[in-house]
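User: I am new to this structure and would be grateful for a close look at a single part, namely the sheet of the second chain and its surroundings. Please present it as one connected account.

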Amino acid sequence: MAIITDTRDDIDFLAEEFDKREVYTLFSNFRSMEVLENANLVEAKMCSSKLIASYVFEPLVAKFAEDLIASAVHSDDFDIQQFMVLESNPYCGESYDSTFFDLKAKFDGILIGLVTWENGERVLLKNPDSPELIIRKGDYLIIVVNGSNADLIADEFGINEGTHSDLEPMTREAV
Amino acid sequence: MRQMTIPERFLVVMIGWDHFAASVAGELLFAFTQNSSMLIVVASEEIASSIECRGHKAVDVVVTSYTDFETIEERGARDASAVVVNMADDREKLIYVVNWRKVFPNSRLLVPIDNTSLTKTFITAAEVLPLSRDEVSAKIFASYLFEFDVATYLFDLLTPAQTDDDYDIQQHLLHAGNGFCGMAYSVLVSLPRETVGLITERLCRNTISEQNYFGNDCER
């Protein structure tokens, strides 16, 4: 983990509290927009204002969105997770549409998107509706899961949630 | 958010103004329809002059003490659809919302807070919805680290859909006579996807005293 701080005391505190091999500290002006943009912090901060605005208009949507942002722990918690498709994944080679219905029926998960690779570019397909779309190895399936079914899906897929950049087709041929 | 049915008159009251309030106002104004308006209450003319959206036809800025409830009420605050309390520190916000409740007991209060440990205090003291800015930001940021594509998608879902490529989560009230009314949830999940490419994510059912959220349960 890397921690950016503009306070000298933080550096000392972090050095005392954490193993230097696990936590790297960087003394820098993190309020600089350039640094924030590089770290995706601007978008992260904007999400709070978007959520408040959503609560104003559609409180139930906002409540659900807040739940989706947090990690799912219990069966009534929801979360969005991405799972890489390995060759051994039972949905590898299947159509997106049939996978959508099967994941819902089997795991009560909702498939909402797919990350694939087109001409060497990473492409996020949100709720794609093409009946010809086939799931390939190296793709990511983006699924709304709950605290109960997330582990079951991970077991079925043979891989934990999250990005696996070392296994992505653009960085390694054999997935 | 953009296309939802908004009541005949939709007023949002913003108490206090800073960079965060400006961001929230920007999101709201983007989603506003003709019958929507925003009342911004600030304590000084200097702050009022810094409000970039002041010239927007839906925006009304009033310079007065935050506790001048009489003036605030004259501007329609009693019938406000939502009130966003955005002062400098949490303690000031807490005292304010308790006093606000005494004058406007039925308001829906939203309070961005800094100290997450005060969440329950806000709910207990004034039945407000506290939302930790830092907590939300931290969760999204963590998501960017571990699940880059999920974070990108989430950011889109939180933003009102503008183009055909954008996605948005919306809530729709089912009136009697709606084609989906009386249908099993499991059928409801599959039908919109097959017919119009939508995904039904969750169901909420209102009761007299509370709102029950039914999770994504295919057996129901």
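Analyst: Two strands are said to pair if DSSP finds at least two bridges between them. The model examined here is a predicted one.

With that meaning of pairing, chain B holds an open sheet of six strands, arranged in the order 3-2-1-4-5-6, and the pairing is parallel. At the edges lie strand 3 (59-63) and strand 6 of chain B, each of which pairs on one side only. From one strand to the next, the twist averages 20°.

One pairing may be followed in detail. Strand 5 and strand 6 of chain B run parallel and are joined by four bridges. One residue pair illustrates this: B:Ile113 has B:Ser132, in strand 6 of chain B, as its bridge partner.

Helices lie across this sheet. Helix 1 of chain B lies across strand 1 (10-15), strand 2 (36-42), strand 4 and strand 5 of chain B. The angle between helix 1 and strand 1 of chain B is about 170°. Helix 4 of chain B, residues 90-103, lies across strand 4 and strand 5 of chain B, and runs at about 170° to strand 5.

The surroundings of the sheet include the other chain. In total, 50 residues of chain B are in contact with 49 residues of chain A. Several elements named above take part: strand 4 (82-85), strand 5 (109-113), strand 6 (129-132) and helix 1 (19-31) of chain B are among those that each supply at least two residues of the side touching chain A. Helix 6 (133-146), helix 7 (148-158) and helix 8 (185-196) of chain B likewise each supply at least two residues. Helix 7 of chain B gives the most to this side, with ten residues. By character, the residues of the side of chain B that touches chain A divide into 31 nonpolar, ten polar and nine charged.

A few words on the partner complete the picture. Chain A has six helices and six strands, which follow the pattern β-α-β-α-α-α-β-α-β-β-β-α along the sequence. Of the 175 residues in chain A, 35% are buried. Two of its loops contain an asparagine with a positive phi. A:Asn119, in the loop between strand 4 (110-118) and strand 5 (121-126) of chain A, has a phi near 50°. Because A:Asn119 has 5 C-beta neighbours inside 10 Å, it counts as exposed. A:Asn127 has a phi near 45° and is found in the loop between strand 5 and strand 6 (140-146) of chain A. A:Asn127 has 17 other C-beta atoms within 10 Å, so it is partly exposed.

Technical notes. Residues are numbered from 1 along each chain as its sequence is written. Chains are lettered from A and ligands numbered from 1 in the order in which they are written. This is a predicted model: local features need pLDDT of at least 70, side-chain atom pairs count only at pLDDT 80 or more; totals for chains, interfaces and linings use all residues. Two residues are in contact if their C-beta atoms, placed from the backbone, lie within 7 Å. Ala, Val, Leu, Ile, Met, Phe, Trp, Tyr, Cys and Pro count as nonpolar, Asp, Glu, Lys and Arg as charged, and the others, Gly among them, as polar. A residue is buried if 20 or more other C-beta atoms lie within 10 Å of its own, exposed if 12 or fewer, and partly exposed in between; C-beta atoms are placed from the backbone. Axes are lines fitted to C-alpha atoms, for helices over the stretch in contact, and angles run from 0 to 180 degrees between N-to-C directions.
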